[in-house]
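Visitor: I am new to this structure and would like a close look at a single part of it, taken slowly, with each term explained as it comes up. Please start wherever you think best.

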Amino acid sequence: MTSHPFPEHILSLPKAELHLHLEGSIRPAIVTQLSARHGVYYSEDEVLRRYSYSDFLGFLDAFKWVTSFLREPRDYALIVEDLAQQLLEQNVVYAEITLSVGIMLLRKQRPERNFEAMLRAAEPFESRGLKLFWIFDAVRQFGPDAALEVVNTVRNSASKKIVAFGIGGDELSVPTAEFRLVYDTAASLGLHRLMHAGEVGGPEKIREAVELLGIERIGHGIAAIHDPALMDLLADRRIPLEVCPGSNILTGALAKQLSQQNATIQDHPLPKLLRHGIPVTLSTDDPTMFHTGLATEYRNAHRMGLSESELRSLIQTSFDHAFALASAPNHR
Ligand SMILES: [Zn+2]
């Protein structure tokens, strides 16, 4: 634990956000507006009550509840505007935003129509200095066929703004190997490959993601701390972990990984992973649902004992591993 004060100027530096879910970023006032649009009224206080939970299942319930108000393209446009505003306020200049296309398909929506409205909503923010790109995301427990349908929606949207395909959800459900065809198809479309792994699952989930599916950045990946050989592999191959400390506390993922019920932010393995030479980026995951933001996460990292130069390295790493800033394999 460092005794140095937090270097406030870190907050004003331009940043890239690489692990951020659109549907987990809706502010309570916007939820009130969306629900009213669809005939129900929830006050902001009521939304805040729904945004509090004691475990991962409670969080998933709240996520399902809030996404139930996303029914039309204009609903998605509204939340994109809200998120873009939040990002500008935090000095984010580049973001790859995860979009739960798996949920849209489950609800029998037409993702390409939603996505068109989202792109239009994002346009005015681009001219204000915010570059937005998208990750189409499938839900692991829905299985490989549903995930392949998500990949196929990328063909219909045919936008260069879609930079990657990812899978989130319950990593203990469907075995990793079953998604081989899905990721091969994604790669053939020029998409980068992402997966949530080692959040609540063990280090083998991370290794499988890398070795079986060619995953290029790992969502969370904090379970790597249990496997020194895996830590070497991530460091040697320069495979980043997108670490989201506030999320890990609220979902109970950190407590689970450490087998320590009252694990606090100071117990987080981020410093060990970083000092092992693994590229680490810092993100907010579902910021409004986890009552966090980039400023809070940089303060969290400082409370773990990171020096100012280490905090700066987190910022730099997110730019270094941003897909649309690197030489992209994107030739759709
Ligand atoms: Zn996530």
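Guide: Once its neighbours within four places in sequence are set aside, arginine 50 is in contact with Ala62 and Trp65, where contact asks that the C-beta atoms of two residues, placed from the backbone, lie within 7 Å. What we are looking at is a predicted model, in which local features need pLDDT of at least 70 and side-chain atom pairs count only at pLDDT 80 or more, while totals for chains, interfaces and linings use all residues. Residue numbers start from 1 along each chain, following the sequence as it is written.

Arginine 50 belongs to helix H2, residues 44-50; helices (H or I, at least four residues) and strands (E, at least two) are DSSP runs, numbered from the N terminus. Between the C-alpha atoms of arginine 50 and phenylalanine 63, which are 13 residues apart along the chain, the separation is 9.4 Å. Arginine 50 counts as partly exposed because it has 17 C-beta neighbours inside 10 Å. The scale behind that word calls a residue buried if 20 or more other C-beta atoms lie within 10 Å of its own, exposed if 12 or fewer, and partly exposed in between, with C-beta atoms placed from the backbone.

From there we can turn to the part that deserves the close look, strand S5 and its surroundings. Strand S5 covers residues 192-197, and 6 of its 6 residues are buried, so the strand is largely enclosed by the rest of the structure. On one side of S5 are His192, Leu194 and His196, on the other Arg193, Met195 and Ala197, and both of these faces are covered.

Strand S4 (residues 162-168) pairs with S5 in the parallel sense over 4 bridges, pairing being the case in which DSSP finds at least two bridges between two strands. Within this pair, isoleucine 167 has methionine 195 of S5 as its bridge partner, and alanine 164 stands opposite histidine 192. On its other flank of pairing, so to speak, S5 also joins strand S6 (residues 217-220), again in the parallel sense and over 4 bridges. Here leucine 194 has arginine 217 of S6 as its bridge partner, while alanine 197 is matched with histidine 220.

The connections between these strands can be followed too. S4, helix H8 (residues 180-188) and S5 form a right-handed β-α-β unit, meaning that, with the strands pointing away from the viewer, the path from the first strand over the helix to the second runs clockwise. A right-handed unit is also made by S5, helix H9 (residues 203-213) and S6.

Moving outward from S5 by way of S4, we find that strand to be mostly covered, with 7 of its 7 residues buried. S4 runs parallel to strand S3 (residues 131-139), to which it is joined by 6 bridges, and aspartate 137 has glycine 166 of S4 as its bridge partner. The chain passes from S3 through helix H7 (residues 144-157) to S4 in a β-α-β crossover that is right-handed.

Moving outward by way of S6, we come to S7, which runs parallel to S6 and is joined to it by 2 bridges; isoleucine 218 has leucine 241 of S7 as its bridge partner. S6, H10 and S7 make a right-handed β-α-β unit. In the loop between helix H10 (228-236) and strand S7 (241-243) lies arginine 238, which has a positive phi of about 55° although it is not a glycine. With 13 C-beta neighbours inside 10 Å, arginine 238 counts as partly exposed.

Phenylalanine 136 is worth a stop as well. Leaving out residues up to four places away in sequence, phenylalanine 136 touches Leu99, Val101, Val150, Thr153, Val154, Ile162 and Phe165. Phe136 and Ala224 have the most contacts inside the largest nonpolar core, which has 95 residues; such a core is a set of buried Ala, Val, Leu, Ile, Met, Phe, Trp, Tyr and Cys residues joined through C-beta atoms within 7 Å.

One last stop offers a contrast to arginine 238. Aspartate 285, in the loop between S8 and H14, likewise has a positive phi, of about 65°, although it is not a glycine, but aspartate 285 counts as buried because it has 28 C-beta neighbours inside 10 Å.
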